[in-house]
Amino acid sequence: MNVMDNGEHHGMGFAGFKARMQSGERLLGTFVKTPSVEIVEVLAKSGLDFICLDAEHAAWDRMRMDACLAVARALDLPTLVRVTSGGADDILKAMDAGAVGIVVPHVDSPEKARAVAKAARFGHGGRGFAGSTRWAGYATRPMGDILEQSKSETVVIVQIEEPEAVDEIDGIAGAQGVDAVFIGPADLTVSYGETSVDNDKVKDAMQRVGDAARRAGVGFVTWVPNAAAAKAWESYGFTMFVMGSEHSWMLAGAKAAVAEMRKE
């Protein structure tokens, strides 16, 4: 992992993030649940390769997302947004505000994969063009430069969370505009009718999805609670890990401090 001596994020930032993904470099990020610019500032000093604002499961409104993406851009900390849904309006809001890309939940067919990838990029039937957004530089850049930025920077990651998605994984991973597939171990476990992610159905799904990602030449992402889980799953070939969240890290740190103080 490339970090500065003081632990801050290295300067490749937004512009280099997609290339790092495509190279297969092992990247580490976390979900951000708290809509707070201070959280983004603190995490920018952590050495993480990226963060992902979790608008699916946390209280992110448009203004707070906008503020946090402004800070992330200023600090050059690559920031994804897990959108509420694959709707074009949710995707547009995240991209215009400055996200390096999107994570889209519950993509269970090649058709959905193509639709969300199209909605994140400019073109006929795709993302509406505006040169006046933060992402585009507030009307200071020519159209050609903005279109080139979309090609070189924008990342689309689709989440594999249902058995149907696993069955259709070759079409989803190979869909035009998809840059990575993100296996959601918890949702997939529940979808299979299991009560723990440590089950054979999810393990088989990880293998199948990983193989399809390699065949398609796209990134392979998952969520893990901690480094031990990430190391246990290395054999599946994941290229990106979203580890915990700032909530889980705060709680773990607080619990450790309390336990240390209460030792006899």
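This passage describes the overall form of a predicted protein model and then three of its local features.

The protein contains twelve helices and eight strands. Its radius of gyration is 18 Å, close to the 18 Å that the globule rule gives for 264 residues, so the protein is as compact as a globular protein of that length. Along the principal axes, the C-alpha trace spans about 65 × 45 × 30 Å. Of the 264 residues, 49% count as buried. Among the contacts with a separation of 6 or more, 62% are accounted for by residues 24 or more positions apart. The accessible surface comes to about 12,100 Å², and 55% of this area belongs to carbon and sulfur atoms. The protein carries 27 positive and 36 negative charges, and the mean positions of the two groups are 2 Å apart.

One local feature concerns Glu153. This residue lies in helix α6, which comprises residues 143-153. Glu153 is buried, because its relative accessible area of 5% falls under the 20% cut-off. Its side chain makes polar contacts with two other side chains: that of Arg73, at 2.6 Å, and that of Trp135, at 3.1 Å. When neighbours within four places in sequence are left aside, Arg73 and Trp135 are also found among the residues in contact with Glu153, together with Phe14, Lys18, Ala99 and Val100.

A second feature is helix α4, formed by residues 88-97. The buried residues of this helix are Asp90, Ile91, Ala94, Met95, Asp96 and Ala97. Their cover includes the helices α3 (62-75) and α5 (110-119), as well as the strands β3 (79-82) and β4 (101-104). An α-helix has 3.6 residues a turn, so residues three or four places apart point the same way. After α4 comes Gly98, which has a positive phi near 125 degrees.

Positive phi values also occur in the loop between α5 and α6, where both Tyr138 and Ala139 are placed. Most residues other than glycine have a negative phi. Tyr138, although not a glycine, has a positive phi of about 55 degrees, and Ala139, likewise a residue other than glycine, has a positive phi near 60 degrees. As for accessibility, Tyr138 is partly exposed, because its relative accessible area of 47% lies between the cut-offs of 20% and 50%. Ala139 is exposed, because its relative accessible area of 60% is over 50%.

Note on methods: Residues numbered from 1 in each chain as written. Predicted model: local features only at pLDDT ≥ 70, side-chain atom pairs only at ≥ 80, totals over all residues. Heavy atoms only, no water. Helix = DSSP H or I, 4+ residues; strand = E, 2+ residues; numbered from the N terminus. Rg over C-alpha atoms; globule rule 2.2 N^0.38 Å. Buried < 20%, exposed > 50% of the residue type's maximum accessible area, 1.4 Å probe, protein only. Contact = heavy atoms within 4.5 Å. Areas by Shrake-Rupley, 256 points an atom, 1.4 Å probe, with all protein chains shown as cover. Lys, Arg positive; Asp, Glu negative; His and termini not counted. Charge placed at Lys NZ, Arg CZ, Asp CG, Glu CD. Polar contact = N/O pair within 3.5 Å; in protein donor to acceptor, adjacent residues only side chain to side chain.
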